[in-house]
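Colleague: Could you walk me through this one slowly? I am new to reading structures, so please explain the terms as we go.

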Amino acid sequence: MSNTAWIEALADLQQQGEPCVLVTIIEERGSTPRNAGSKMVVSRERLYDTIGGGHLEYKAQQIAREMLEKRSRDTRLERFSLGASLGQCCGGATVLLFEPMGQPQAHIAVFGAGHVGRALVPLLASLPCKVRWIDSRDNEFPAEIPRGVEKVVNDDVVEEVDNMPAGSYFIVMTHNHQLDLELTAAILSRNDFTYYGLIGSKSKRARFEHRLRDRGFQPETVQRMRCPMGIAEVKGKLPVEIAVSIAGEVIATYNAHFGEKGGENAEDGEKPVPMLVPASRRSRAN
(Lines give C-alpha, C1' and ligand atoms only; values in the text may rest on other atoms or scores of the structure.)
Protein backbone atom coordinates (compact mmCIF):
# COMPACT_ATOMS: atom_id res chain seq x y z
CA MET A 1 0.00 0.00 0.00
CA SER A 2 1.33 3.45 -0.91
CA ASN A 3 1.80 6.08 1.78
CA THR A 4 -1.14 8.04 0.32
CA ALA A 5 -3.64 5.17 0.63
CA TRP A 6 -5.06 6.84 3.74
CA ILE A 7 -6.48 9.67 1.56
CA GLU A 8 -8.54 7.27 -0.54
CA ALA A 9 -9.57 5.31 2.56
CA LEU A 10 -10.78 8.47 4.29
CA ALA A 11 -12.81 9.49 1.23
CA ASP A 12 -14.33 6.01 0.87
CA LEU A 13 -15.26 5.73 4.55
CA GLN A 14 -16.76 9.23 4.50
CA GLN A 15 -18.83 8.29 1.45
CA GLN A 16 -20.10 5.19 3.29
CA GLY A 17 -20.82 7.20 6.43
CA GLU A 18 -18.52 4.96 8.47
CA PRO A 19 -16.68 6.60 11.38
CA CYS A 20 -12.90 6.22 11.65
CA VAL A 21 -9.85 7.73 13.35
CA LEU A 22 -7.00 9.39 11.47
CA VAL A 23 -3.68 8.71 13.23
CA THR A 24 -0.74 11.01 12.41
CA ILE A 25 2.88 11.03 13.57
CA ILE A 26 3.34 14.69 14.51
CA GLU A 27 6.71 14.50 16.27
CA GLU A 28 9.69 12.17 16.08
CA ARG A 29 12.83 12.15 18.16
CA GLY A 30 15.77 9.89 17.56
CA SER A 31 15.37 6.79 15.47
CA THR A 32 11.74 6.04 14.51
CA PRO A 33 10.27 3.62 11.96
CA ARG A 34 8.35 6.30 10.01
CA ASN A 35 8.74 10.05 9.49
CA ALA A 36 6.60 12.81 10.99
CA GLY A 37 3.50 13.30 8.85
CA SER A 38 3.00 9.58 8.27
CA LYS A 39 -0.65 8.66 8.64
CA MET A 40 -2.96 5.70 8.92
CA VAL A 41 -6.73 5.37 9.12
CA VAL A 42 -8.40 3.04 11.62
CA SER A 43 -12.00 1.92 11.12
CA ARG A 44 -13.88 -0.59 13.22
CA GLU A 45 -12.90 -3.40 10.85
CA ARG A 46 -9.71 -2.39 9.06
CA LEU A 47 -6.43 -0.49 9.02
CA TYR A 48 -5.45 1.63 6.03
CA ASP A 49 -1.82 2.63 5.41
CA THR A 50 0.79 2.37 8.18
CA ILE A 51 2.76 4.35 10.73
CA GLY A 52 5.55 1.78 10.78
CA GLY A 53 4.02 -1.45 12.02
CA GLY A 54 5.07 -3.28 15.16
CA HIS A 55 3.80 -2.70 18.67
CA LEU A 56 3.49 1.08 18.22
CA GLU A 57 0.99 0.60 15.42
CA TYR A 58 -0.83 -2.04 17.47
CA LYS A 59 -1.12 0.33 20.46
CA ALA A 60 -2.30 3.13 18.17
CA GLN A 61 -4.91 0.81 16.70
CA GLN A 62 -6.13 -0.10 20.22
CA ILE A 63 -6.49 3.56 21.20
CA ALA A 64 -8.29 4.43 17.96
CA ARG A 65 -10.76 1.53 18.31
CA GLU A 66 -11.41 2.51 21.92
CA MET A 67 -12.22 6.05 20.69
CA LEU A 68 -14.59 4.60 18.07
CA GLU A 69 -16.27 2.43 20.69
CA LYS A 70 -16.84 5.46 22.93
CA ARG A 71 -17.86 7.61 19.93
CA SER A 72 -15.29 10.16 21.05
CA ARG A 73 -15.38 13.46 19.18
CA ASP A 74 -12.26 14.93 20.77
CA THR A 75 -8.76 14.80 19.30
CA ARG A 76 -6.10 13.12 21.42
CA LEU A 77 -2.30 13.31 21.68
CA GLU A 78 -0.22 10.36 22.90
CA ARG A 79 3.55 10.17 23.38
CA PHE A 80 5.32 6.83 23.01
CA SER A 81 8.93 5.94 23.86
CA LEU A 82 10.15 3.41 21.34
CA GLY A 83 11.95 1.23 23.83
CA ALA A 84 11.63 -2.27 25.17
CA SER A 85 8.10 -1.68 26.49
CA LEU A 86 6.88 -1.31 22.89
CA GLY A 87 9.04 -4.13 21.68
CA GLN A 88 10.94 -1.75 19.42
CA CYS A 89 14.62 -1.14 19.64
CA CYS A 90 14.76 2.14 17.72
CA GLY A 91 15.29 4.05 20.94
CA GLY A 92 13.43 7.14 19.71
CA ALA A 93 10.14 8.74 20.75
CA THR A 94 6.99 9.44 18.79
CA VAL A 95 3.97 11.67 19.39
CA LEU A 96 0.76 10.57 17.71
CA LEU A 97 -2.33 12.66 16.98
CA PHE A 98 -5.68 10.84 16.95
CA GLU A 99 -8.51 12.62 15.07
CA PRO A 100 -12.04 11.16 15.01
CA MET A 101 -13.60 11.45 11.56
CA GLY A 102 -17.11 10.92 10.20
CA GLN A 103 -18.92 10.50 13.48
CA PRO A 104 -22.57 9.40 13.17
CA GLN A 105 -24.77 12.15 11.85
CA ALA A 106 -28.40 12.98 12.45
CA HIS A 107 -30.77 11.76 9.75
CA ILE A 108 -33.48 14.18 8.64
CA ALA A 109 -36.35 13.41 6.26
CA VAL A 110 -38.05 16.44 4.72
CA PHE A 111 -41.32 15.63 2.97
CA GLY A 112 -42.34 18.33 0.51
CA ALA A 113 -40.46 20.38 -2.09
CA GLY A 114 -42.71 23.44 -1.96
CA HIS A 115 -41.68 27.01 -1.09
CA VAL A 116 -40.87 26.35 2.58
CA GLY A 117 -39.10 23.08 1.77
CA ARG A 118 -36.92 24.88 -0.79
CA ALA A 119 -36.03 27.50 1.84
CA LEU A 120 -35.45 24.96 4.64
CA VAL A 121 -33.36 22.25 2.98
CA PRO A 122 -30.33 24.48 2.18
CA LEU A 123 -30.26 25.51 5.88
CA LEU A 124 -30.31 21.88 7.02
CA ALA A 125 -27.70 20.97 4.40
CA SER A 126 -25.24 23.40 5.99
CA LEU A 127 -25.46 21.50 9.30
CA PRO A 128 -23.73 18.20 10.17
CA CYS A 129 -26.65 15.96 9.22
CA LYS A 130 -27.84 13.71 6.41
CA VAL A 131 -30.93 15.04 4.66
CA ARG A 132 -33.33 13.04 2.49
CA TRP A 133 -35.64 15.40 0.58
CA ILE A 134 -38.74 13.54 -0.53
CA ASP A 135 -41.59 14.41 -2.89
CA SER A 136 -43.68 12.64 -5.53
CA ARG A 137 -43.32 15.60 -7.93
CA ASP A 138 -39.92 15.71 -9.61
CA ASN A 139 -40.58 19.11 -11.18
CA GLU A 140 -41.00 20.74 -7.75
CA PHE A 141 -37.33 20.25 -6.85
CA PRO A 142 -34.88 23.02 -7.77
CA ALA A 143 -32.39 22.35 -10.56
CA GLU A 144 -29.51 22.44 -8.05
CA ILE A 145 -29.86 20.16 -5.01
CA PRO A 146 -27.64 21.27 -2.07
CA ARG A 147 -24.55 19.16 -1.55
CA GLY A 148 -25.07 16.38 0.98
CA VAL A 149 -28.83 16.20 0.31
CA GLU A 150 -30.35 13.08 -1.23
CA LYS A 151 -33.27 13.86 -3.53
CA VAL A 152 -35.94 11.14 -3.43
CA VAL A 153 -38.78 11.03 -5.96
CA ASN A 154 -41.38 8.41 -5.02
CA ASP A 155 -45.03 8.23 -6.10
CA ASP A 156 -45.81 6.76 -2.68
CA VAL A 157 -43.86 9.03 -0.33
CA VAL A 158 -45.31 7.29 2.75
CA GLU A 159 -43.08 4.29 1.89
CA GLU A 160 -40.06 6.46 2.67
CA VAL A 161 -40.96 6.70 6.37
CA ASP A 162 -39.75 3.12 6.85
CA ASN A 163 -36.46 3.90 5.11
CA MET A 164 -35.22 6.13 7.93
CA PRO A 165 -33.23 4.81 10.90
CA ALA A 166 -34.37 5.01 14.53
CA GLY A 167 -33.76 8.41 16.08
CA SER A 168 -34.42 10.28 12.83
CA TYR A 169 -35.94 13.73 12.42
CA PHE A 170 -39.11 13.96 10.32
CA ILE A 171 -40.40 17.22 8.85
CA VAL A 172 -43.67 17.09 6.92
CA MET A 173 -44.78 19.97 4.70
CA THR A 174 -46.44 18.48 1.63
CA HIS A 175 -48.99 20.07 -0.72
CA ASN A 176 -51.82 17.81 0.46
CA HIS A 177 -53.51 17.61 3.89
CA GLN A 178 -54.56 13.98 3.42
CA LEU A 179 -50.97 13.05 2.54
CA ASP A 180 -49.78 14.96 5.62
CA LEU A 181 -52.19 12.85 7.69
CA GLU A 182 -50.99 9.55 6.19
CA LEU A 183 -47.36 10.53 6.78
CA THR A 184 -48.19 11.56 10.34
CA ALA A 185 -49.85 8.20 11.02
CA ALA A 186 -46.85 6.30 9.60
CA ILE A 187 -44.34 8.35 11.63
CA LEU A 188 -46.30 8.14 14.89
CA SER A 189 -46.77 4.39 14.36
CA ARG A 190 -42.97 4.03 14.44
CA ASN A 191 -42.72 6.29 17.50
CA ASP A 192 -38.91 5.91 17.55
CA PHE A 193 -38.11 9.36 16.19
CA THR A 194 -36.22 12.14 17.93
CA TYR A 195 -38.33 14.89 16.37
CA TYR A 196 -41.48 15.08 14.29
CA GLY A 197 -42.65 18.46 12.99
CA LEU A 198 -45.77 19.07 10.90
CA ILE A 199 -46.34 22.39 9.16
CA GLY A 200 -49.71 23.96 9.93
CA SER A 201 -51.89 25.93 12.29
CA LYS A 202 -53.41 25.10 15.69
CA SER A 203 -56.71 24.33 13.94
CA LYS A 204 -54.92 21.84 11.64
CA ARG A 205 -53.41 20.23 14.71
CA ALA A 206 -56.85 19.93 16.35
CA ARG A 207 -58.29 18.25 13.22
CA PHE A 208 -55.36 15.85 13.01
CA GLU A 209 -55.55 14.98 16.73
CA HIS A 210 -59.23 14.08 16.28
CA ARG A 211 -58.55 11.88 13.23
CA LEU A 212 -55.54 10.19 14.84
CA ARG A 213 -57.58 9.46 17.97
CA ASP A 214 -60.20 7.81 15.72
CA ARG A 215 -57.41 5.64 14.31
CA GLY A 216 -56.50 4.45 17.79
CA PHE A 217 -53.39 6.52 18.50
CA GLN A 218 -52.72 7.18 22.18
CA PRO A 219 -52.75 10.84 23.30
CA GLU A 220 -49.16 10.65 24.63
CA THR A 221 -47.97 9.50 21.18
CA VAL A 222 -49.85 12.28 19.39
CA GLN A 223 -48.39 14.83 21.83
CA ARG A 224 -44.93 14.10 20.42
CA MET A 225 -45.97 15.82 17.18
CA ARG A 226 -44.81 19.43 16.86
CA CYS A 227 -47.59 21.38 15.11
CA PRO A 228 -47.33 24.28 14.65
CA MET A 229 -43.61 23.63 14.42
CA GLY A 230 -40.73 26.06 14.73
CA ILE A 231 -39.64 28.58 17.35
CA ALA A 232 -42.63 30.76 18.17
CA GLU A 233 -40.42 33.83 18.79
CA VAL A 234 -39.26 33.74 15.16
CA LYS A 235 -42.31 35.29 13.56
CA GLY A 236 -43.10 35.88 9.90
CA LYS A 237 -44.88 34.29 6.96
CA LEU A 238 -42.16 34.38 4.33
CA PRO A 239 -40.81 30.91 3.43
CA VAL A 240 -37.32 31.85 4.67
CA GLU A 241 -38.72 33.13 7.99
CA ILE A 242 -40.65 29.90 8.53
CA ALA A 243 -37.59 27.86 7.49
CA VAL A 244 -35.32 29.68 9.96
CA SER A 245 -37.86 29.07 12.73
CA ILE A 246 -38.00 25.33 11.94
CA ALA A 247 -34.21 24.99 11.58
CA GLY A 248 -33.80 26.70 14.96
CA GLU A 249 -36.12 24.20 16.61
CA VAL A 250 -34.25 21.30 15.00
CA ILE A 251 -30.93 22.64 16.35
CA ALA A 252 -32.42 23.11 19.82
CA THR A 253 -33.73 19.53 19.75
CA TYR A 254 -30.35 18.19 18.54
CA ASN A 255 -28.60 19.78 21.48
CA ALA A 256 -31.20 18.74 24.02
CA HIS A 257 -31.16 15.10 22.89
CA PHE A 258 -27.47 14.59 22.19
CA GLY A 259 -26.30 11.29 23.63
CA GLU A 260 -29.77 9.82 24.05
CA LYS A 261 -30.78 6.60 22.39
CA GLY A 262 -32.74 6.84 19.17
CA GLY A 263 -35.74 5.00 20.54
CA GLU A 264 -36.85 1.53 21.50
CA ASN A 265 -35.16 -0.04 18.50
CA ALA A 266 -31.83 1.71 18.90
CA GLU A 267 -28.89 -0.33 20.09
CA ASP A 268 -27.88 0.17 23.69
CA GLY A 269 -25.71 3.26 23.99
CA GLU A 270 -26.39 4.35 20.41
CA LYS A 271 -26.07 8.09 19.87
CA PRO A 272 -28.03 8.86 16.72
CA VAL A 273 -27.56 12.62 16.75
CA PRO A 274 -24.49 14.81 17.27
CA MET A 275 -24.26 18.22 18.86
CA LEU A 276 -24.74 20.80 16.17
CA VAL A 277 -23.05 23.58 18.10
CA PRO A 278 -19.44 22.88 19.18
CA ALA A 279 -18.91 22.73 22.94
CA SER A 280 -16.67 25.83 22.85
CA ARG A 281 -19.44 27.92 21.32
CA ARG A 282 -22.13 26.44 23.56
CA SER A 283 -20.17 27.34 26.70
CA ARG A 284 -19.75 30.92 25.51
CA ALA A 285 -23.45 31.18 24.79
CA ASN A 286 -24.54 29.89 28.21
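Colleague: Which residues of α2 are buried?

Modeller: The buried residues of α2 are L56, E57, A60, I63, A64, M67 and L68, where buried means under 20% relative accessible area, exposed means over 50%, and partly exposed is in between, with a 1.4 Å probe and protein chains only. Before we go on, please keep in mind that this is a predicted model, in which local features need pLDDT of at least 70 and side-chain atom pairs count only at pLDDT 80 or more, while totals for chains, interfaces and linings use all residues. Residues are numbered from 1 along each chain as its sequence is written, and side-chain values use heavy atoms, with hydrogens and water left out.

Colleague: Where do those buried residues sit around the axis of α2?

Modeller: They fall within an arc of 140° when one looks down the axis of α2, so they line one face of the helix; the arc is taken from the directions that run from the helix axis to the C-beta atoms. An α-helix has 3.6 residues a turn, so residues three or four places apart point the same way.

Colleague: And how many residues does α2 have?

Modeller: Helix α2 covers residues 54-69, which is 16 residues, and reaches 23 Å from its first C-alpha to its last, close to the 22 Å expected at 1.5 Å a residue. That expected span is 1.5 Å times one less than the number of residues. Helices here are DSSP runs of H or I with at least four residues, strands are runs of E with at least two, and both are numbered from the N terminus. Just after α2, R71 takes a positive phi of about 55°.

Colleague: New topic, the sheet: what is the order of its 6 strands?

Modeller: The order is β8-β7-β6-β9-β10-β11, in an open sheet with parallel pairing, and two strands pair if DSSP finds at least two bridges between them. The edges are held by β8 (149-153) and β11 (225-226), each of which has a single partner strand, so one side of each is left without a neighbour in the sheet.

Colleague: What does β6 pair with?

Modeller: Strand β6, residues 106-111, pairs in the parallel sense with β9, residues 169-172, over 4 bridges, and β6 also pairs in the parallel sense with β7 over 6 bridges. In β9 the bridge partner of F111 is V172, and in β7 the bridge partner of I108 is V131. Strand β6 is mostly covered, since 5 of its 6 residues are buried.

Colleague: Which strands does α3 lie across?

Modeller: Helix α3 (residues 115-125) lies across β6, β7 (129-135), β8 and β9, and runs at about 160° to β7. Helix α4 (residues 177-190) packs on the sheet as well, touching β6, β9, β10 (195-198) and β11, and its direction makes about 165° with that of β10. The angles run from 0 to 180 degrees between N-to-C directions, with axes as lines fitted to C-alpha atoms, for helices over the stretch in contact, and contact means heavy atoms within 4.5 Å.

Colleague: Switching to rings, how many aromatic pairs are there?

Modeller: The count comes to 4 aromatic pairs, with rings of Phe, Tyr and Trp (its six-membered ring) pairing if their centres lie within 6.5 Å, and planes under 30 degrees apart counting as stacked, over 60 as edge-to-face and the rest as tilted. W133 and F141 form an edge-to-face pair, at 5.1 Å centre to centre and 80° between the planes, and both W133 and F141 are buried. The rings of F193 and Y196 have centres 6.2 Å apart and planes at 75°, so this pair is edge-to-face.

Colleague: Are F193 and Y196 buried or exposed?

Modeller: F193 counts as buried at 4% relative accessibility, and Y196 counts as buried at 0%.

Colleague: Last one: where is P228, and what kind of peptide bond joins C227 and P228?

Modeller: P228 lies in the loop between β11 and α7 (239-257), and a cis peptide bond, with omega about 0°, joins C227 and P228.
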